[in-house]
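Thanks for coming. I will show one model today and go through it region by region.

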Amino acid sequence: MKLSPPMTSEAPLHPKSPMRSPLRTALSLVAALLLLAPVAHADAKKAERMWKSKCQSCHGKDGKGQTDKGKKMQVKDLSAADFQAKVTDDELKKAIKDGTKTEKDGVKKEMDSYADLTDEQLADLIAYVRALKP
Ligand code: HEC
């Protein structure tokens with residue numbers, strides 16, 4: 001009579017490929033994270049400072065635009081999931097670089113152009129805006 005196999009079966013749950021062992025993959029991931037972490041951290045700090053000094057007065061710390069100026073201009077909620085889903089990084093970049101000037105239902109919406117920002121600074125700010133997403 002045959003009993004069911006014991007729980008401590010030797011058979012691997014996932015077939016192991018000889019080229020890419022899970023340990024190797026894990027180690028290279030850790031190495032990659034260690035390399036990236038300090039840089040990402042520095043950029044986030046820079047972006048936060050830029051946001052605070054240049055953008056926060058209208059958009060608020062959380063990007064929801066609930067500041068005096070933001071409310072007056074009915075600035076859209078930059079953290080909103082639907083806005084984040086439809087806006088591209090290029091569009092974000094263009095808006096920050098060129099600014100915006102529109103008028104809707106008698107509400108003037110104006111944002112200065114930040115044409116003097118470097119591509120790196122723009123990328124940091126775009127990352128900041130993306131991170132506002134809930
Ligand atoms: C004087 C107020 C003001 C300041 C300061 C300001 N903005 Fe804006 N921003 C606006 C207004 C107004 C809009 C248009 C909002 C709308 O259409 O609802 C806007 C729109 C945007 C948008 C959305 C563009 C789109 O595709 O709809 C982004 C992204 C943005 N601002 C980022 C920034 C960043 C980054 C900074 C700082 C470098 C900044 N803003 C500084 C007022 C401001």
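**A47 and the core**

Start at A47, which touches D124, L125, A127 and Y128 once residues up to four places away in sequence are left out. A47 is also one of five residues in the largest nonpolar core, where it is joined by L78, I96, L125 and V129. I should say now that this is a predicted model.

How much of the protein chain is buried? Buried residues make up 9% of its 134 residues. As for contacts with a separation of 6 or more, 52% of them are between residues 24 or more positions apart.

**Layout**

The protein chain has five helices and two strands. Along the sequence the order is α-α-α-α-β-β-α.

**Helix 4 against helix 5**

Two packed helices are described by the angle between their axes and the distance between the axes. Here, helix 4, residues 89-98, packs on helix 5, residues 119-131, at about 115°, and the axes are 10 Å apart. The crossing of helix 4 past helix 5 is right-handed.

Which residues meet? Helix 4 brings D89, L92, K93, I96 and K97, and helix 5 brings L122, L125, I126 and V129. Sorted by class, this contact has six nonpolar and three charged residues, and no polar ones. Recall that I96, L125 and V129 also belong to the largest nonpolar core.

**The ligand**

Now the ligand. It is surrounded by 22 residues, the closest being C55, C58, K76, A95 and M111. Which elements supply at least two residues of the shell each? They are helix 1, residues 22-59, helix 4, strand 2, residues 107-111, and helix 5. Helix 1 gives the most, with five residues. By class, the shell holds 13 nonpolar, three polar and six charged residues.

**Two positive phi values**

Most residues other than glycine have a negative phi. Two residues to look at here are Q74 and D105. Q74 is not a glycine, yet its phi is positive, about 50°. Its place is the loop between helix 2, residues 68-72, and helix 3, residues 81-86. Is Q74 buried or exposed? Q74 counts as exposed because 12 other C-beta atoms lie within 10 Å, and the cut-off for exposed is 12 or fewer.

D105 also has a positive phi of about 50° without being a glycine. D105 sits in the loop between strand 1, residues 100-104, and strand 2. D105 has 5 C-beta neighbours inside 10 Å, so it counts as exposed.

**Helix 3 and the end of the chain**

F83 lies in helix 3, and so does Q84. F83 is partly exposed, because 15 other C-beta atoms lie within 10 Å. Q84, with 17 C-beta neighbours inside 10 Å, counts as partly exposed. Leaving out residues up to four places away in sequence, F83 touches K76, D77 and L78. K76 came up before, among the closest residues to the ligand, and L78 is part of the largest nonpolar core.

What lies across from these two positions? F83 and K133 are 50 residues apart in sequence, with 9.3 Å between their C-alpha atoms. Q84 and L132 are 48 residues apart along the chain, and their C-alpha atoms are separated by 9.0 Å.

L132 itself lies in the segment after helix 5. L132 has 19 other C-beta atoms within 10 Å, so it is partly exposed; the cut-off for buried is 20 or more. With neighbours within four places in sequence set aside, L132 is in contact with D62, G63, L78 and S79. L132 and K64 are 68 residues apart in sequence and 8.9 Å apart, C-alpha to C-alpha.

**Y114**

The last stop is Y114, in the loop between strand 2 and helix 5. Y114 is partly exposed, with 17 other C-beta atoms within 10 Å. Which residues does Y114 touch, not counting those up to four places away in sequence? They are K54, I96 and K97. I96 and K97 are among the helix 4 residues that meet helix 5. Y114 and K94 are 20 residues apart along the chain, and 9.6 Å separates their C-alpha atoms.

That is the tour. I will take questions now.

Terms used. Residues numbered from 1 in each chain as written. Predicted model: local features only at pLDDT ≥ 70, side-chain atom pairs only at ≥ 80, totals over all residues. Axes fitted to C-alpha atoms, helices over the stretch in contact; angles between N-to-C directions. Left-handed = near helix turned anticlockwise from the far one by under 90°. Contact = placed C-beta atoms within 7 Å. Nonpolar A, V, L, I, M, F, W, Y, C, P; charged D, E, K, R; others polar. Near = placed C-beta within 6 Å. Core = buried A, V, L, I, M, F, W, Y, C linked by C-beta atoms within 7 Å.
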